[in-house]
Amino acid sequence: MDATDRLSGFRDELVRRLGAERAELWVGSRAALQLEGQTLQVRCGSEFECAWLRRRLHGTLKEALESALGPNITLRYVVDESTVDTQDAERQPAPQAERGEQQNAAAAEPAAPTHSTERPAAYPSALRHAAPSPVRPERCTFARFVEGESNALAVRSAQTAATHPGRYCPLLIYGPNGVGKTHLLRAIADRARGSHTTLRVTAEQFTGEFLQSLDSRTLPSFRQKFRTLGILLVDDVHFLAGKKATLDEALHTLDTLQQLGRQVVLTADRGPGELKEISPDLASRIAGGLAVAVDPPDFATRAGIVRAMAGRMRIELSDEVIDRIAAGVAGSARLIAGAMNRLLATSQAHKRPIDTLLAEQVVAEFTQQTAPPVKLADIQRAVCEVFGVEPASLKSGSKARVTTQPRMVAMWLARKYTRSALTEIGDYFGRRSHSTVISAQQKVDRLVSDGETIELHSQPVHVEEALRRVESVLRSA
């Protein structure tokens, strides 16, 4: 197969993954693809375009490349001004606007009102001609999964299950709702497509098919379907609680596939210890495989999720706006998607650009609607956890900095997150006057605006960062 045929195969794979319209819009009009030996060059008209494609589509391009041409092909981004369309040449950003793009591509992109379909000249053409759209469900792949400290082990284990079935069998991926367990199952199915027979079902679907096979006396066909797979993916296995017959059938299916060296991947909302209450036998088998947790995303991961969603929504967000959303919406990716949709809808409805002011306003409204009511005791608990102080110290008469600073932060948060009166807040934190609460609020506001630091575990930390940490604990409680 010559280079032309190989490159054609890669383009076909890219269209399969992105769709013909998106592949042409995002890649075809702004980049030339050239295959030289074992290197695929993505040739762009400017450093800006290279950085933009690398940031937005590198994972998808890499996966398409490996699928079409094998794992030994290198992907390179090359600046080639001859790839710039004549009609767009005059609209290219000045050289000084492109300088340093690789270090911070997002910072080099100017903000623009998202209610308009027009984009500033510095935006890639794909974004200049694409209207913003809400977050919609898309095909789940590993490239679209935002990896961070909270899920790195789960991602690696899932990738291993897709490429080397049977190495960890069974594999249990567990964690609370909305952290990406189902996304990882679908990503396994996507990665294994074409190389292993794969089936993904929910535990409820497995139960339904099993009961139907019993009722219609087609149990042999049911077993043939599930016990000859290369990879079996079962979502929400905790649904099997109390279903003894279905559990027994699931265990026999697991044993059969394990003996054949095949792969079983399960997800649940609880770990192996708690699964013992559902089935000690299932928990025992999981103990012989691998169980990995997916925790709620930390700040850095949430920021990555916001960036990824902004790309899919075709809107440009500054780093400051991304940080505001990531700091304000703690929890699952579903919550972040809801906040992003609300932000876009508000921007379009009021014809306002998405800046930090609008982001703060929308995020505050969104969290007020979705989060449970915050009590003074919750704030006290979160402040004590982050600052490492005892609850009694916040109510004491001590004027030491190690006590006054956390108390000041607690009062500021009480004003932000509760509807408690000034006197109620003052009484709760040591019978202080309402003027003390007002003074604490004003002082924290001033420290934040001036970029001042506060003492946290004997180390100076920016006040804004300290507040972010407490708010993260507060919302994840």
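## Exercises on a predicted model

In strand β10, H462 is the bridge partner of T453. The exercises below concern a predicted model.

**Exercise 1.** Determine in which sense β9 and β10 pair, and what lies between them.

*Solution.* Step 1: locate the strands; β9 covers residues 453-456, and β10 covers residues 459-462. Step 2: read the pairing, which is antiparallel and runs over four bridges. Step 3: examine the connection. The two strands form a hairpin with two residues between them. In the turn, H457 has a positive phi of about 55 degrees.

**Exercise 2.** Describe how helices α10 and α11 pack, and classify the residues of their contact.

*Solution.* Step 1: identify the helices as residues 203-216 for α10 and residues 219-226 for α11. Step 2: state the geometry; the axes lie 8 Å apart, at an angle of about 150 degrees. Step 3: list the participants. From α10 come F206, E209, F210, S213 and L214, which meet L219, F222, K225 and F226 of α11. Step 4: sort these residues by character, which gives six nonpolar, one polar and two charged.

**Exercise 3.** Find the largest nonpolar core and establish which elements supply it.

*Solution.* Step 1: the largest nonpolar core has 33 residues, and I379, V383, F387 and L413 have the most contacts inside it. Step 2: at least two residues of this core come from each of α19 (376-387), α21 (401-417), α22 (422-428), α23 (434-449), β9 (453-456) and α24 (463-476). Step 3: α21 gives the most, with eight residues. Step 4: take L413 as an example. Leaving aside residues up to four places away in sequence, L413 touches I379, V383, T418, L467, V470 and E471. Step 5: note that another core, of 26 residues, lies apart from the largest one; C169, L229, V264 and I278 are among its members.

**Exercise 4.** Assess where the confidence of the prediction is highest and where it is lowest.

*Solution.* Step 1: begin with the whole protein, whose mean pLDDT is 80, with 82% of the residues reaching 70 or more. Step 2: compare the extremes. Strand β7 (residues 263-268) has the highest confidence, at a mean of 95, and helix α4 (residues 86-89) the lowest, at 32. Step 3: consider residues 81-129, where the pLDDT is below 50. Beyond near neighbours in sequence, this stretch has 96 contacts in the model. Step 4: draw the consequence. Predicted coordinates should not be read in detail where pLDDT is low.

**Exercise 5.** Summarise the protein as a whole: how many helices and strands does the protein have?

*Solution.* Step 1: the secondary structure comprises 24 helices and 10 strands. Step 2: of the 477 residues, 47% are buried. Step 3: among contacts with a separation of 6 or more, 73% join residues 24 or more positions apart.

Definitions and conventions. Residues are numbered from 1 along each chain as its sequence is written. This is a predicted model: local features need pLDDT of at least 70, side-chain atom pairs count only at pLDDT 80 or more; totals for chains, interfaces and linings use all residues. Side-chain values use heavy atoms; hydrogens and water are left out. A nonpolar core is a set of buried Ala, Val, Leu, Ile, Met, Phe, Trp, Tyr and Cys residues joined through side-chain atoms within 4.5 Å. Buried means under 20% relative accessible area, exposed over 50%, partly exposed in between (1.4 Å probe, protein chains only). Contact means heavy atoms within 4.5 Å. pLDDT is the predictor's confidence in each residue, from 0 to 100. Axes are lines fitted to C-alpha atoms, for helices over the stretch in contact, and angles run from 0 to 180 degrees between N-to-C directions. Ala, Val, Leu, Ile, Met, Phe, Trp, Tyr, Cys and Pro count as nonpolar, Asp, Glu, Lys and Arg as charged, and the others, Gly among them, as polar. Two strands pair if DSSP finds at least two bridges between them.
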